[in-house]
Amino acid sequence: MTKLQQKPGPELSAAVLKRASKLIDHFSPQGIANALLGFAKLNIQPPRPLLDTTENRVVELLKDLTPQSLAISLQAFKKLNHPLSSRTLEGLQKRAISLAGTTRATDKSWILATLDSMGVTPSKDLINAYETATNRAVSELDAEDIIELLWAFARLAHRPAPGLMMAMEESIVRHVDNLGIEDLTGVWWAFGRMRSEPSTGMLNILAESTIKVVDEMSTQEKKDVKWAIQRLELVSSLPALGAFLSDLPPQEEAVGSTDG
């Protein structure tokens with residue numbers, strides 16, 4: 001089947017929306033998620049009544065939502081600029097809590113970040129459920145998973161419990177040689193955002209790894225690292241890395257805190 005790569009014409013868009021309106025009550029949770037994501041990707045803006053009906057259908061199917069369909073639906077509603085009711089948001093968060101143990105790190109990160117970008121503060125119960133699930137599975141997660149979760153918690157200015165932070169640091173250190181520039185920058189931003197100074201061992205390894213690739217970093221990535229170091233008041237503790245960043249102007253806030 002050929003996939004559409006651009007927005008369809010008005011006649012096709014209207015036909016798709018009309019068909020979706022007739023079938024929405026028969027869609028499965030994944031079907032709803034796929035339809036919403038398709039509309040968002042193709043820049044097809046459904047009318048408000050259809051989005052309201054779709055939201056009601058999601059609420060009806062809450063108990064059947066999978067972690068992936070929940071994450072995709074939430075993200076699609078955001079992209080389509082559809083404000084969800086407090087009842088829907090509460091229901092989605094409760095469902096996310098019940099699924100915490102089987103939700104992938106990427107989906108956890110998406111759900112937390114999307115709620116935040118919608119101006120919704122994730123409930124403490126949801127954050128705690130994700131932290132508990134991460135703590136149980138931390139030894140099985142790869143470095144990218146760890147960084148995704150660290151970034152999501154940091155975005156909310158939430159610092160995980162000391163034991164989990166230590167486990168996450170140890171995982172990052174074990175895989176540091178495989179981290180790309182974006183990963184390294186993300187780690188710096190997360191610690192800066194949380195105002196959480198890494199252990200001395202991790203700090204030195206992180207600085208050494210960053211120095212190795214600093215010449216390949218974009219100006220913005222260097223600014224992000226400098227912002228984190230300044231926010232953590234580590235300039236004097238990292239003279240070698242600081243020397244590579246000394247000619248950059250100070251940054252009030254790093255770009256890692258924005259949607260991306």
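1. The residues that line the largest cavity divide into eight nonpolar, one polar and no charged. The structure in question is a predicted model, and the cavity is therefore a feature of that prediction. The lining consists of Ala20, Ile24, Phe27, Ile32, Ala35, Leu36, Phe39, Leu50 and Thr54. Two elements, helix H2 (29-41) and helix H3 (48-60), each give two or more residues to this lining. Helix H2 gives the most, with four residues.

2. How much space lies in the largest cavity? The volume is about 60 Å³. The count of cavities of 30 Å³ or more comes to one.

3. On confidence, the protein chain averages a pLDDT of 89, and 91% of the residues score at least 70. Which helix has the lowest confidence, and which the highest? Confidence is lowest in helix H1 (residues 10-23), where the mean is 73, and highest in helix H5 (residues 86-98), where the mean is 97.

4. The next points concern charged side chains. Side chains of opposite charge can pair when their charged atoms come close. A search of the whole structure finds five salt bridges; three of them are discussed below, in points 5 to 7.

5. Asp52 and Arg48 form a salt bridge in which the closest N and O atoms are 2.9 Å apart. How are the two residues placed along the chain? Both belong to helix H3 and stand four residues apart, so about one helical turn separates them. Is this pair made of buried or partly exposed residues? Asp52 has a relative accessibility of 28% and counts as partly exposed. Arg48, at 46%, is likewise partly exposed.

6. A further salt bridge joins the side chains of Arg104 and Asp107, with 3.2 Å from N to O. Here the two partners fall into separate classes of accessibility. Arg104 has a relative accessibility of 47%, which lies between the limits of 20% and 50%, so Arg104 counts as partly exposed. Asp107 has a relative accessible area of 2%, which is under 20%, and Asp107 is therefore buried.

7. Arg155 forms a salt bridge with Asp116, and the closest N and O atoms of this pair are 2.6 Å apart. Which parts of the chain does the pair link? Arg155 lies in helix H8 (residues 143-155) and Asp116 in helix H6 (residues 105-117); the two residues are 39 apart, and the pair links distant parts of the chain. Arg155 is buried, with a relative accessible area of 6%, whereas Asp116 is partly exposed, with a relative accessible area of 28%.

8. The last point concerns aromatic rings. A pair of aromatic rings is described by the distance of the centres and the angle of the planes. How many aromatic pairs does the structure hold? The structure holds one. Why is this pair classed as tilted? The planes of the Trp151 and Trp189 rings stand at 40 degrees to each other, a value between 30 and 60 degrees, so the pair is tilted. The centres of the two rings are 6.1 Å apart. This pair also links distant parts of the chain: Trp151 is in helix H8 and Trp189 in helix H10 (residues 181-194), 38 residues apart. Trp189 is buried, with a relative accessibility of 1%. Helix H8 thus provides Arg155 to the salt bridge with Asp116 and Trp151 to the aromatic pair.

Notes. Residues numbered from 1 in each chain as written. Predicted model: local features only at pLDDT ≥ 70, side-chain atom pairs only at ≥ 80, totals over all residues. Heavy atoms only, no water. pLDDT = per-residue confidence, 0-100. 1 Å grid on protein atoms, 1.4 Å probe; cavity = no way out; pocket = protein on both sides within 12 Å on 5 of 7 lines; lining within 4 Å. Points joined across faces, edges and corners; volume = space filled by probe spheres on them. Nonpolar A, V, L, I, M, F, W, Y, C, P; charged D, E, K, R; others polar. Salt bridge = Lys/Arg side-chain N within 4 Å of Asp/Glu carboxyl O. Buried < 20%, exposed > 50% of the residue type's maximum accessible area, 1.4 Å probe, protein only. Phe/Tyr/Trp six-rings, centres within 6.5 Å; stacked < 30°, edge-to-face > 60°.
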